[in-house]
Amino acid sequence: MDGSDNVMVMRPHHLLCTQGYSGKGYSSAFVRNMTDWVSKLRTREGFLVRLTTSTDALCACCPQKLAEGVCMDDEKVLVYDRKVMQFFHLEEKEYVYQDLIRRIDARMTPGMLEEICSTCSWYPVSACRKNILGE
């Protein structure tokens, strides 16, 4: 969160990760953090997210996070972020999470998902295709 309990700071590509998340992760701390956030995002109607191309609340317990705003895989995840922003015409500003998910799910194609996520190590073991594309 950003200091208020009403807005979560989130990377654009995490809009996909939160849909495909199924309880797997880098460590028990990561899984606990991710599970807590995903539960809030999926159940609280009107939940606000502020998109950023920097580390976010989901990165908090990730071993790839080296410092605030610094990810070991910055080059790779910035490509994910930019593609999500480009495909779905998003900006670094606040949105209602559920509105973004509906927008993404309505427009996502198998080719887009593959282009965005094919180099992600979690893609083959996640529920992304099932939860986003309905496959």
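This section describes the packing of one helix, the cysteines, a nonpolar surface patch and two further residues in a predicted model.

Helix α4 spans residues 97-107, and its buried positions are Tyr97, Gln98, Leu100, Ile101 and Ile104. Viewed down the axis of α4, these buried residues fall within an arc of 155°, so they line one face of the helix. This arrangement may be read against the geometry of helices in general: an α-helix has 3.6 residues a turn, so residues three or four places apart point the same way. The buried residues of α4 pack against both helices and strands. The helical partners are α1 (14-20), α2 (28-43) and α3 (74-88). The strands in contact with this buried set are β1 (7-10), β2 (48-51) and β5 (94-96).

The structure holds zero disulfides. Cys117 takes part in none, and the nearest cysteine sulfur to that of Cys117 belongs to Cys128, at 5.6 Å. Because a disulfide requires a pair of cysteine sulfur atoms within 2.5 Å, the distance of 5.6 Å from Cys117 to Cys128 does not qualify. Cys117 has a relative accessibility of 10% and therefore counts as buried. Cys120 is likewise in no disulfide. For Cys120 the nearest cysteine sulfur is that of Cys17, 5.9 Å away.

On the surface, Leu66, Val70 and Met72 make a nonpolar patch of about 280 Å². Met72, one of the contributors to this patch, is located in the loop between β4 (70-71) and α3. With a relative accessibility of 48%, Met72 counts as partly exposed, because the exposed class begins over 50%.

Two further residues were examined individually. Arg32 belongs to helix α2 and is exposed, its relative accessible area being 53%. The C-alpha atoms of Arg32 and Cys61 are separated by 8.9 Å in space, while the two residues lie 29 residues apart in sequence. His89 is placed in the loop between α3 and β5, two elements against which the buried residues of α4 pack. The phi angle of His89 is near 55°, a positive value in a residue other than glycine. His89 has a relative accessibility of 59% and counts as exposed.

Terms used. Residues numbered from 1 in each chain as written. Predicted model: local features only at pLDDT ≥ 70, side-chain atom pairs only at ≥ 80, totals over all residues. Heavy atoms only, no water. Buried < 20%, exposed > 50% of the residue type's maximum accessible area, 1.4 Å probe, protein only. Helix = DSSP H or I, 4+ residues; strand = E, 2+ residues; numbered from the N terminus. Arc of directions from axis to C-beta. Contact = heavy atoms within 4.5 Å. Patch = residues over 30% accessible without salt bridge, like charges linked within 9 Å, V, L, I, M, F, W, Y side chains within 5 Å. Areas by Shrake-Rupley, 256 points an atom, 1.4 Å probe, with all protein chains shown as cover. Salt bridge = Lys/Arg side-chain N within 4 Å of Asp/Glu carboxyl O.
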